[in-house]
Amino acid sequence: MATTVTIPQSLLPADGRFGSGPSKIRPEQSAALEAAGSTLLGTSHRQAPVRQLVASIREGLAGFFSLPEGYEIVLGDGGASAFWDLACANLIRRKAACGSYGSFSAKFAQSVASAPFLDNPVIFESKPGSYRLPELTEGTDAYCWAHNETSTGVAAPVQRIAGSREQDALIIIDATSGAGSLPVDISQCDAYYFSPQKAFGSDGGLWLAALSPAAIRRAYSVTDDARRDGSPRWIPPFLSLRSAIENSRKDQTLNTPAIATLVMLAEQVSWLNSNGGLAWSSARCAHSANTLYTWAQNSDYAEPFVAEAAARSNAVVTIDLDEAVDASQVIAALRSNGIVDTAGYRKLGRNQLRIGVFPSVEPDDVEALTHCIDYVVERL
Ligand SMILES: *Cc1c(COP(=O)(O)O)cnc(C)c1O
């Protein structure tokens, strides 16, 4: 029998959204949307007002990530999943080495493996709850992995693989849930790509990438190669990174974007920058994550899923529950009290809670969440 637990109002967080993506959208972002309701929404993305919005996002992100000289913010439609196919079509010349340690990093490795014009990738795998970076591999021109493996709550370092520069290889990082939450030195990679519905608290449907001069050169030279007679490579026009770069330089996208997504994203970028940028947001996320990890370690029914403390994510926190406590009941009880999206990644199949602690989530609400979980568990 499912029991219903009513959590006292005084314990509840002010906002009950703890999803790992889509994630909490701040009221100021919805207000920005409302304000754009009769100005930007429903107007041409080729005209100055929407292009200025895109420009503010590109400039804001360039500042937020302290982009090194020559790096550019590029964007297009389709989200990070689309960028996986863009990377296969435009950035990997022939052979990639991929880290695979959870659903998202595995899916990208699978995309590479299924591209008929690429060699089979060399996959460096480790079990969920850990990470493994790709190692220096002969004949490789791209090294790929995820900054934050959203399915397991593991954060991996972003750093050049020793020897990869001599190979002229690119470092391509899926930063979808890491970007904006975790510290990064962008000079350590060539493509740092993400969708806006995680740390940037907007809606999905868009991809953004910080690209190095080497990545931009690669996109152009691969496009030239693909145009040669007899080239086995096909770059579908929608997946042309060169078109995305050229459109982005004009503060546009190849095809029609969701303007609402851009409005909410622009609001978030400006909010993050006005508070102190990435240093501020990553410290805030670290604080929230630490609240959960410390609570779990002190609890007699919960523990952090990721064994190695240094690999624990400050963006998405995974907590295993003792088998005596049914996570699905805890998650359902929280949901009935307005605390939503705390479930572990379905395919991981663990008795687990997974909590997004992106910058939009108030650290006090994370603290309140721990009390709510305790309250529920005591009464189930
Ligand atoms: C959410 C996520 C994706 C997929 O993003 P979409 O915008 O849904 O395509 C890819 N990689 C990681 C690490 C993610 O967290």
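Start at the ligand and select Thr 176: an N or O atom in its side chain sits 3.5 Å from a nitrogen atom of the ligand. Keep in mind that you're looking at a predicted model.

Next, pick Asp 174, where a side-chain N or O atom is 2.7 Å from a ligand nitrogen. Then show the backbone of Ala 80, which puts an N or O atom 3.4 Å from an oxygen atom of the ligand. Switch on a surface here: of the 390 Å² of accessible area the ligand has on its own, the protein covers 87%.

Now bring up the whole shell, 13 residues, with Ser 81, Thr 150, Asp 174, Ser 195 and Lys 198 the closest. Colour by class and you get eight polar, three nonpolar and two charged residues. Helix α3 (residues 79–91) is the top contributor to this shell, giving four residues.

On to the empty space. There are three cavities of 30 Å³ or more. For the largest, about 80 Å³, select its lining, which includes Leu 75, Gly 76, Asp 77, Trp 207 and Phe 238. Strand β1 (residues 72–77) supplies the most here, three residues. The lining splits into six nonpolar, four polar and one charged.

Last stop: the second largest cavity, with a volume of about 60 Å³. Among the residues lining it are Trp 84, Phe 104, Trp 145, Tyr 193 and Asp 174. Show β2 (96–100), α4 (103–114), β4 (142–146) and β7 (170–174) as ribbons, since each gives two or more residues to that lining. By class, the lining has nine nonpolar, two polar and one charged. Asp 174 should look familiar: it lines this cavity and is also one of the closest residues to the ligand.

Notes:
Residues numbered from 1 in each chain as written. Predicted model: local features only at pLDDT ≥ 70, side-chain atom pairs only at ≥ 80, totals over all residues. Heavy atoms only, no water. 1 Å grid on protein atoms, 1.4 Å probe; cavity = no way out; pocket = protein on both sides within 12 Å on 5 of 7 lines; lining within 4 Å. Points joined across faces, edges and corners; volume = space filled by probe spheres on them. Nonpolar A, V, L, I, M, F, W, Y, C, P; charged D, E, K, R; others polar. Near = heavy atom within 4 Å. Polar contact = N/O pair within 3.5 Å; in protein donor to acceptor, adjacent residues only side chain to side chain. Areas by Shrake-Rupley, 256 points an atom, 1.4 Å probe, with all protein chains shown as cover.
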